[in-house]
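Student: I'd like a close look at a single part of this model. Could you walk me through one helix and what it packs against?

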Amino acid sequence: MDAERKALADHASEFSRHGRKFEKAIDTVLSGGVKECRFLPSRRQILSVVGTLGDEFIDPSKPYCSCGNFFFRVSGGKEETCYHLLSFSIAAKTGRIDILEFSDEEFGDYLSAIAGDVFEVLTKDG
Ligand SMILES: [Zn+2]
């Protein structure tokens, strides 16, 4: 086992009870998949986690994740968390969140890029 991976897994061992999700989350964190986009000066933030199907958007304070597993299994009470939220918890604990800064002017473009048509309508001028 890779030493860096082992060190990270040890550091985040309180989450290891999640089994397979934990392993997947460790890999996600190691590859820099947990990202925080900050928009300045408003300090708006968007958290995302790179998943197998693309980026998923999370709000750990709710908690919420945009993935199907969260929608069908976590919010239905069948599972405690999805691996995206777990990845965030591990990254937050170990200081491995990849922080990207943007200006507020870029916020609309950012939303358009990530969410396509839905947000494009909302951010259109006039
Ligand atoms: Zn998820």
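Before the close-up, what percentage of the residues of the protein chain count as buried? And then, which residues of helix 2 are buried, and what do they pack against?

Tutor: Sure, and keep in mind that this is a predicted model. Of the 126 residues in the protein chain, 23% count as buried. The chain has 6 helices and 5 strands, running α-α-β-β-β-β-α-α-β-α-α from the N terminus. Among contacts with a separation of 6 or more, 54% are between residues 24 or more positions apart.

Now for your helix. Helix 2 spans residues 20-30, and its buried residues are Lys21, Ala25, Ile26, Thr28 and Val29. They sit on the same side of helix 2, because the arc they cover around the axis is only 165°. What they pack against is a mix of elements: helix 1 (3-11), strand 1 (34-40), strand 2 (44-51) and helix 4 (83-94).

Let's take the helix 4 partner in detail. Its axis and that of helix 2 come within 8 Å and cross at roughly 60°, so the two helices are oblique to each other. The crossing is right-handed. On the helix 2 side, Lys21, Phe22, Lys24, Ala25, Ile26, Thr28 and Val29 make the contact, while helix 4 brings Tyr83, Leu86, Ser87, Ile90 and Ala91. Sorted by class, that contact has 8 nonpolar, 2 polar and 2 charged residues.

One last thing, past the end of the helix: Gly32 follows helix 2, and its phi is positive, near 75°.

Notes. Residues numbered from 1 in each chain as written. Predicted model: local features only at pLDDT ≥ 70, side-chain atom pairs only at ≥ 80, totals over all residues. Buried ≥ 20, exposed ≤ 12 C-beta atoms within 10 Å, placed from the backbone. Helix = DSSP H or I, 4+ residues; strand = E, 2+ residues; numbered from the N terminus. Arc of directions from axis to C-beta. Contact = placed C-beta atoms within 7 Å. Axes fitted to C-alpha atoms, helices over the stretch in contact; angles between N-to-C directions. Parallel < 35°, antiparallel > 145°, perpendicular 65-115°, else oblique. Left-handed = near helix turned anticlockwise from the far one by under 90°. Nonpolar A, V, L, I, M, F, W, Y, C, P; charged D, E, K, R; others polar.
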